[in-house]
Amino acid sequence: MDRIAFEKDLIAILLVVESAHDKNKLLYKYEQANTNIREPEPVNFHTSYSIVIAKDFDPPSVKDDDAPRTTFQNFDETTIAILTSPNSYGSHVEVQVDDVIFVGHTLGLEQSTDLKSFAIFFVLRAIAKASVIISYQEMSQRIGTAIRCEEQRVHYLKNEYDKLLTFIQPHEIAASDSSNRRQNEDDKAREIREQAYSTMAEESQLAATLKQIFTDLQVSGEINITINNWLNVSCCLPHRSIALNCSLEPDFAFNVLSNAEQILKPYYGILLVIDPSALLASLPIDSSSTLSTLVRHLRSSYSMSRLSLETGLPLPQIYRLASHLLYWGRAKLIYPIYDDNVYIISPDADISKHGSLSKLYKETFRNTTNYPTLQEALAEYSDAVPFYDHTNRSDNDSELQERLQCVEWLLRHRLLVQVHYYYYLVLPNDNRSDFKDEYKQTRLPRPRVPLVRLLSEVPTLPSSPSTNQFSYSSTHHSRSTDTLKTMTGTSQDDVFASSSVNSNTTTDTGRYASHYLTKVSQALPNEQLEYQKSLAIAIKDAKEQHVTDFLRLIKYFNGTYHLEEITIMENMTRLQFDFTCASCDTYNQIAKEGGVFERKIEHVPSSVQGKRRRDDYHSVDSQNKYRQHSDGSRFATTTTEQDALPVPFWKHINRGQIAFETRDVGCFSLLNRADDKECFDDKRYLRVYKYPLQTLNVNFDLKIGEADFVTEGQSKNINAMLWWLLQRKQDIYKNNRFTFDFLSWRGVLRLIMFSIFEKQSDWLLAVVKFKNAYFLCEYVTEKQLKEEENMTPEHRSFCYYGHKFEEYVTKNNLSTETLNPSKQFSGVFQSTIGSYRLLYGAEMDCVIEQSSSVTEHIELKVCAGKTLDDLPFRYNRKFAKWWIQCFLVGIKMMIIGLRDNNGIVNTVCPLDISSIERAAETWNRSSFFNFFLIFADFLRKHVITDYTHDYKDVVLFRFLPSLQKITVEQSSDSKYHFIPDWFSKEFL
């Protein structure tokens, strides 16, 4: 367990009762004996991230800590009874005497003839904050209300009152006869009375309960008691429970329940600090079922908005449930664990080999293969590098899961903290004196003066950066000024030159467009004109769209917002953020400050140093190269190999909710994708599922007819789609341009999206720009041809199984002939991903007839297994391909044929597509859509010239799985001219 920090504000607990025939009386009190022994300090160690706290240099003073306790001990029972006498019933009470404060809630007993009122009082140090005092008062009210209910039901308080009074009366009689007592006898009487209070807890159930309350508050800050074995009372001190997991100020902690929607954000994550099964077991019987649902769906990689989608609960309700978990100390706020997060060792972490955490770590990860000891696990986080640098791409799913569990454990026990990066825009000749002074005083290093940095363990609130309750300050002796000069390539004085704008500024103003200055003025209306001009000059060479995107981000470059907040609030990925900033010359003027260190960002995207180094990419001019066909003819190619698109790790782009909409806009039947003469504008080849949509026990032999089946590779040509376009020319071609951005088959989109996981198969796409739209056509690669030639008999059988299963479960209403794989029915779909409009065709397996006029497309699949529970949806990414294939065309239901190893399907069952995504833990829809947007931006950057009769060059995009990159190549080879003349002449 973690080292326990006891409640320092609480001194004692009191029970005060006012009877109908007597004045206010102190019936019971309990205070912890003072041993004058301080808590052992945690093991301290020094790192560059260590927090220097002022109290660390102050010698401990036991005398100061015990002063309030001594003050309270000097009060006799009579004085305490007078101080706690009620002025009114049903109200909070707060009485301060010197450095002690009495807080409670007085409740009247109107229905009792013997007792008038009572109250549970807590004795606190007077330095307790207002929110802490209110917490104790509300706790007193809850406990008192339960006692009053039992008094009304079975006279519980009256019985306990009589029982406790038998212990007090002998001492009261002795105290009344004090004329002949000496001082030593008075001290002895006080000691005897204190012993009587100890005895009361053994004889009185109420006294024992109050003692238990005091002990529980001291240790854990929460209580879970039962009054008279009948009424359960549970409450906690939020400043204790929340402070363990979040750096909230006590006042914010107290209001976390009422202000959940102001404190929590949709991009925050929740990490349970106890085992989920233990948490569910501890919930009362009448607890909310939605809380159980939330706990079961919690993942450290889920944001609250993702949890809302997974659970089907509204986001405000997620906030309320999360605030209860925080209030009770059962969870902590984090940013969802992504592979680009940066974690370092917590400055106050206990890393001793013989500490309790080391022992607990060994017990938890006794079978781990990565880090057998806590010290080895923490050693990985000595440097501030992204989390994905701690993993290998060769790690299997279980190893990745083990690493994730290790990070969760370290965060749960506050051994790691997350470093956030804050951004500043610092122009070379920045003459803003207020900014210059602030930056020099708080950001640039000074000799022998600590430099304050922000180091956040949990999320920050952008709405109040100056008083951020989710951040705490750390002091670090920064690098010297000379080091900073070397690092940035400039001196400290050069950063803030004395001249505001040099003489070249006037002559340079003509070099940037006037509308850039207008846009800068709109983005930064409060800045000086000279500064706006300097910024406009800095971005003069950037494209207008890049400038627009950059000025949209510029409001965040003031050191208040960190990278996670910027990307989430603007619904963009880190790659998109880097690309936007790199598109403007000001990128090398943005200072990036991370946690406790500061550095300049280079103009090029930073390469990942570690186990998964990414390739740097810069556009360079390349020479034309000529290649030769086998017949001797030559064709020109232009390669830009260095201008390749690196395929990022999926979690690097797994964020944000990308807008996606799709609708069915048409259909057609065909025999050959490459021949427009074999396309038909009808549903003649549409097949219908002929069984009920439920689980069936069947006996389908998928091997029948395999020997006579001849496999023919499906054509990847888009002629059939082009034929369909001509039939709908009036609808999809307006104002001399197409109404879509991209056209392809669905399989092309799936290839692009799944590239982030593909490790074996390559692909090749030919792309042309025609009438403002991009046409994409897939081509077979040499590697694919070799794989097809070397296909094993088992693999060929699997391909046939799918065809045979479709024959078993579907029929054609227009024909009774057996299934012919050449006869296809294709749907045409129009969708939007982000801001891009897509038009694509997709072969559809069959439909189910819901009525005579309503049908719904479904997908057919064959898989080995006895039940759906046998399918590894959680970790096997093959099912991600299933999901993409169905999601792009709006299919909601699949029919799965579960076969054995002999090719016999014994069970046919429906599968909801959404259940595949909910079960997945190694992929997410956001990563697929985000990568498509990245690729689409990359494609538009390289496919510029329109296709004409005279210019028929195509741009080839080739995915290389071994290098995890997509290369670009311009080619004039006629075999890639996939736009036929019969189509192009209709539009040229």
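In helix α12, the buried residues (under 20% relative accessible area with a 1.4 Å probe, protein chains only; over 50% is exposed, in between partly exposed) are Met-304, Arg-306, Leu-307, Ser-308, Glu-310 and Thr-311. That is six of the eight residues in the 304-311 stretch, so the helix counts as mostly covered. Helices here are DSSP runs of H or I with at least four residues, strands are E runs of at least two, and both are numbered from the N terminus.

This is a predicted model, where local features need pLDDT of at least 70 and side-chain atom pairs count only at pLDDT 80 or more, while totals for chains, interfaces and linings use all residues. Residues are numbered from 1 along each chain as its sequence is written, and side-chain values use heavy atoms, with hydrogens and water left out.

What sits on top of α12? The cover over its buried residues includes β8 (269-272), α11 (289-297), α13 (315-327), β9 (331-334) and α32 (913-919). Right after α12 comes Gly-312, with a positive phi near 75 degrees.

Now for α13. Its axis and that of α12 come within 9 Å and cross at roughly 110 degrees; axes are lines fitted to C-alpha atoms, for helices over the stretch in contact, with angles from 0 to 180 degrees between N-to-C directions. The two helices are therefore roughly perpendicular (65 to 115 degrees; under 35 is roughly parallel, over 145 roughly antiparallel, the rest oblique). On the α12 side, the contact (heavy atoms within 4.5 Å) is made by Met-304, Ser-305, Leu-307, Ser-308 and Thr-311, and on the α13 side by Leu-315, Ile-318, Tyr-319 and Ala-322. Sorted by type, that gives six nonpolar, three polar and no charged residues.

On to the aromatics: the whole structure holds 60 aromatic pairs. Rings of Phe, Tyr and Trp (its six-membered ring) pair if their centres lie within 6.5 Å; planes under 30 degrees apart are stacked, over 60 edge-to-face, the rest tilted. Here are two of them.

| Pair | Centre to centre | Between planes | Type |
|---|---|---|---|
| Tyr-361 and Phe-365 | 4.8 Å | 35 degrees | tilted |
| Phe-740 and Phe-775 | 6.0 Å | 70 degrees | edge-to-face |

The second pair links distant parts of the chain, 35 residues apart: Phe-740 is in the loop between β26 (737-738) and β27 (742-745), Phe-775 in strand β29 (residues 773-779). Phe-740 counts as buried because its relative accessibility is 1%, and Phe-775 is buried at 0%. Tyr-361 and Phe-365 are both buried as well.

Ring pairs also join Trp-650, Phe-660, Phe-754, Phe-757, Trp-883, Phe-887, Trp-923, Phe-928 and Phe-929 into a cluster.

How values were computed:
Nonpolar A, V, L, I, M, F, W, Y, C, P; charged D, E, K, R; others polar.
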